[in-house]
Structures are given as structure tokens and as C-alpha cells.
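Colleague: I want the reasoning behind the labels, not just the labels. Take me through it.

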Amino acid sequence: MRILLIEDHDFQRQVLTTQLARIIDSENDEIQCAINGADALKIMQQYQPHLLLCDLNMPEMDGISFLGHIAKQHYKGSIIITSALKQDILMSVEKMCLNYDLNLLGTLSKPTCLKQLSVLLKQAKERSTLTNQGSTSEIILDDAFIDNAFEQGWFVPYFQPIVSLSTGEWVACEA
């Protein structure tokens, strides 16, 4: 699998590269790095990554602008957002990716956790394999994925009361 890591901060880029090196298959996977969105777009003219790990807060072209550009180019690979921004901003970016029809696997808060990165990388590899086989219509959501989604805050439950019309009492709720 071809991976493009887009991160402007040298230390963060080194940490992520080291974490990725621990969990990828060094014979079949490769990592390239970009220091901002503009640099990533240049690299992507020659290098078609299956997975993007993208920071949001970068100079010259930030991650949000970069995501807009690749959406216009109909990028179909997987995306993982890596950021130290607040959770409400990350949720807004997730919604933006959904509206752009981008394949966002999730967000990783910095400093990144190797276990969470490993789970998302496994999902990216599965999607890449499905894409190479010509079928992306079915994604398997197992218990580990759902547990990780709640831990990452990808799912936010909202509760709606169910009220008995005859008594006016709250009898249950939907989530």
C-alpha cells in the first residue's frame, strides 16, 4: 500500500513515520511525506497513494484546503486526519469529508496512539484490497471497529425520549 503522510512539524512527522514503520509490511508498503497540502498535491501528480494521513493545521495550504482540492479530483483512497485541534473542529472536518464524498476512516488526536493507528491502517488495507478487486460497496463493521469509533468520538449518541401519549410519561428513548 502506498501511504502519503502530510505533516508540517518535523517531530510529529518523525513520530508518525516511526509508528507507521512498526506496523506496515516493509516489503509491500511504502511511505512518502509532504510538509503541507501544496507539497502533497505536487507529490500526488506522480504518486497515487492508497492512504493519506493528513494534518489540518499547516502553513501555505492547510489540510482543510487540501481535502477540498482532492475532493475536486475525486480522490478515492482512504484518509486519516491527524490533528491536535479541538474535537468540535475535527467533527466539522469529518462532516465536510462526508459531504465531499471522501473516504475518511477516522481522526487521530495528537499525540497519536499506535494501537488506534494500527486499527485504521488495517481498515485502509482492507479498503485498498477491495478497491483493487473492483468492489467497494461493502464495508465490514466488526465489534473492534465500533469500539474504536466510540473511543475516538466518531459516534456521538443523541437521545430522543419516547413518551406515552396517554400518560405523558417518558417510557423509553431512542439513540
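**Asparagine 36 and its helix**

Modeller: Start with asparagine 36. Leaving aside neighbours within four places in sequence, asparagine 36 is in contact with Ile6, Met58, Pro59, Glu60 and Met61. Bear in mind that this is a predicted model.

Colleague: Why is asparagine 36 called buried?

Modeller: Its relative accessible area is 5%. Buried means under 20%, so asparagine 36 qualifies.

Colleague: Where does asparagine 36 lie?

Modeller: In the loop between strand 2 and helix 2.

Colleague: What makes asparagine 36 a cap of helix 2?

Modeller: A side-chain oxygen of asparagine 36 lies 3.0 Å from the backbone nitrogen of alanine 38. The cut-off for a polar contact is within 3.5 Å. The end being capped is the N-terminal one. The backbone nitrogen of aspartate 39 also has a polar atom of the asparagine 36 side chain 2.8 Å away.

Colleague: How do you know that helix 2 is largely enclosed by the rest of the structure?

Modeller: Helix 2 covers residues 37–44, and 6 of its 8 residues are buried, so the description follows. The buried ones are Gly37, Ala38, Ala40, Leu41, Ile43 and Met44.

Colleague: What covers the buried residues of helix 2?

Modeller: The cover includes strand 1 (2–6), strand 2 (30–34), strand 3 (51–55) and helix 3 (63–72).

Colleague: Why are helix 2 and helix 3 called roughly parallel?

Modeller: Their axes cross at roughly 30°. Angles under 35 degrees count as roughly parallel, so helix 2 and helix 3 get that label. The axes come within 9 Å.

Colleague: Which residues make the contact between helix 2 and helix 3?

Modeller: Helix 2 supplies Gly37, Ala40, Leu41 and Met44. Helix 3 supplies Phe66, His69 and Ile70.

Colleague: How do the residues of that contact divide into nonpolar, polar and charged?

Modeller: There are 5 nonpolar, 2 polar and no charged residues in the contact of helix 2 with helix 3. Gly counts as polar in this scheme.

Colleague: Now the strands. What makes strand 6 and strand 7 a pair?

Modeller: Pairing needs at least two bridges. Strand 6 (residues 160–163) and strand 7 (residues 170–174) are joined by 4 bridges. The two strands run antiparallel. Glutamine 160 stands opposite glutamate 174 in strand 7.

Colleague: How many residues lie between strand 6 and strand 7 in the hairpin?

Modeller: There are 6 residues between them. In the turn, glycine 168 has a positive phi of about 80°.

Definitions and conventions
Residues numbered from 1 in each chain as written. Predicted model: local features only at pLDDT ≥ 70, side-chain atom pairs only at ≥ 80, totals over all residues. Heavy atoms only, no water. Buried < 20%, exposed > 50% of the residue type's maximum accessible area, 1.4 Å probe, protein only. Contact = heavy atoms within 4.5 Å. Polar contact = N/O pair within 3.5 Å; in protein donor to acceptor, adjacent residues only side chain to side chain. Axes fitted to C-alpha atoms, helices over the stretch in contact; angles between N-to-C directions. Parallel < 35°, antiparallel > 145°, perpendicular 65-115°, else oblique.
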